[in-house]
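Before setting up any calculation on a model, it helps to know its fold, its confidence and its charged pairs. This report takes those topics in turn.

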Amino acid sequence: MAPAPPPLPGFLSELAPVLDHWGYAAVAVLVFIEDFGVPVPGETVMTAAAVYAGAERLNVVAVACIAFSAAVLGDNVGYAIGRYGGRPLVARYGRYVLLTEERLHKAQAFFVRHGGEIVTVARFIEGLRQINGIVAGMSGMPWRRFLAFNALGAALWVAVWVGLGYFAGQHLDTVYPAVERSELYLLAAVGVAAAVLIIRRMRRRKGG
């Protein structure tokens, strides 16, 4: 029998029970529902599943295909909600998924300024990714045009995060120690900056 893969470190230890129990289903469900507005960690679970694949616990091709399909389908559900339900539906139920009128207005303004191509880029923008399809539907974008940009964005998004996760999973022994060291350096820098600000304020008060 082949030895079991080493336990996953860092934040993945918290997601391990979900992936161990649900596996590919966790990727499919969470990516799908995140992509029509529900605030769940779909992107995080997808990346974690890719790390699992790099550590030989899942199949990377299956993770990528499932994530791509779930992302495209989820955004199409969002598009249908925006196209056929419109603003009244979002205004009535949006608060249950943290979709406020202000957030929707900002997303629509951003969408209008940048045109249909933003559907592709929106995958990489937190907040806009979740309501991308809804805004496209409410804006009256033709479905075929939306589908093309949406599929392209999903392919790029999945390729980037699954690729990075898979690489990290193959090099757990070197990647995570480096990440932990970087976190320590960042915390130290923040501590020093905070100390400098506190000292400056104290000096200003004494001088005043």
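## Fold and confidence

Read along the sequence, the chain runs α-α-α-α-α-α-α-α-α. That makes nine helices and zero strands. The model is predicted.

Confidence varies along the chain. The average pLDDT is 76, and 66% of the residues score at least 70. Helix 2 (residues 24-34) has the highest mean, at 92. Helix 9 (residues 172-207) has the lowest, at 58. Over residues 178-186 the pLDDT stays under 50. For that stretch the model has zero contacts beyond four places in sequence.

The chain has 208 residues, and 38% of them count as buried. About 12100 Å² is exposed. Carbon and sulfur atoms supply 67% of that area. Among contacts between residues at least 6 apart in sequence, 78% join residues at least 24 apart.

## Helix 7 and its salt bridges

Helix 7 (residues 128-138) is mostly covered, with 11 of its 11 residues buried. Its buried residues include R129, N132 and G133, along with nonpolar members such as L128, I131, I134 and V135. After the helix comes G140, which has a positive phi, near 80°.

Now the charges. Side chains of opposite charge can pair when their charged atoms come close. The chain has four salt bridges. Three of them are tabulated here, with the distance between the closest N and O atoms.

| Pair | Closest N and O atoms |
|---|---|
| E34 and R129 | 3.1 Å |
| R123 and D35 | 2.1 Å |
| E43 and R129 | 3.3 Å |

Take E34 and R129, whose closest N and O atoms are 3.1 Å apart. This pair links distant parts of the chain: E34 sits in helix 2 and R129 in helix 7, 95 residues apart. Both residues, E34 and R129, are buried.

R123 pairs with D35 through a salt bridge, at 2.1 Å between the closest N and O atoms. R123 lies in the loop between helix 6 (118-121) and helix 7, and D35 in the loop between helix 2 and helix 3 (42-54), so the pair ties together parts 88 residues apart in sequence. Again, both R123 and D35 are buried.

E43 also forms a salt bridge with R129, with the closest N and O atoms 3.3 Å apart. E43 belongs to helix 3 and R129 to helix 7, so this pair ties together parts that are 86 residues apart in sequence. Both E43 and R129 are buried. Through shared partners, salt bridges join E34, E43 and R129 into one network.

## D75

Which residues does D75 touch, leaving aside those up to four places away in sequence? They are D35, R123, R129, N132, G133, F146 and N150. Members of the salt bridges recur here: R123 and D35 form one pair, and R129 is joined with E34 and E43 in the network.

D75 is placed in helix 4 (residues 60-93). Is D75 buried or exposed? The relative accessible area of D75 is 0%, under the 20% cut-off, so D75 counts as buried. The D75 side chain makes a polar contact with the side chain of R123, at 2.9 Å.

## Nonpolar patch and C65

On the surface, V121, F124, I125, L152, L156, V160 and L164 form a nonpolar patch. Together they have about 560 Å² of accessible area. Which helix gives the most to the patch? Helix 8 (residues 143-170) does, with four residues. An α-helix has 3.6 residues a turn, so residues three or four places apart point the same way.

L164 is one of the patch residues, and L164 lies in helix 8. Why does L164 count as partly exposed? The relative accessibility of L164 is 48%, and partly exposed covers values between 20% and 50%, so L164 falls in that class.

C65 is found in helix 4. At a relative accessible area of 45%, C65 is partly exposed. The C-alpha atoms of C65 and V158 are separated by 8.7 Å, while the two residues are 93 apart along the chain.

Definitions and conventions
Residues numbered from 1 in each chain as written. Heavy atoms only, no water. Helix = DSSP H or I, 4+ residues; strand = E, 2+ residues; numbered from the N terminus. Buried < 20%, exposed > 50% of the residue type's maximum accessible area, 1.4 Å probe, protein only. Polar contact = N/O pair within 3.5 Å; in protein donor to acceptor, adjacent residues only side chain to side chain. Contact = heavy atoms within 4.5 Å. Patch = residues over 30% accessible without salt bridge, like charges linked within 9 Å, V, L, I, M, F, W, Y side chains within 5 Å. Areas by Shrake-Rupley, 256 points an atom, 1.4 Å probe, with all protein chains shown as cover. Salt bridge = Lys/Arg side-chain N within 4 Å of Asp/Glu carboxyl O. pLDDT = per-residue confidence, 0-100.
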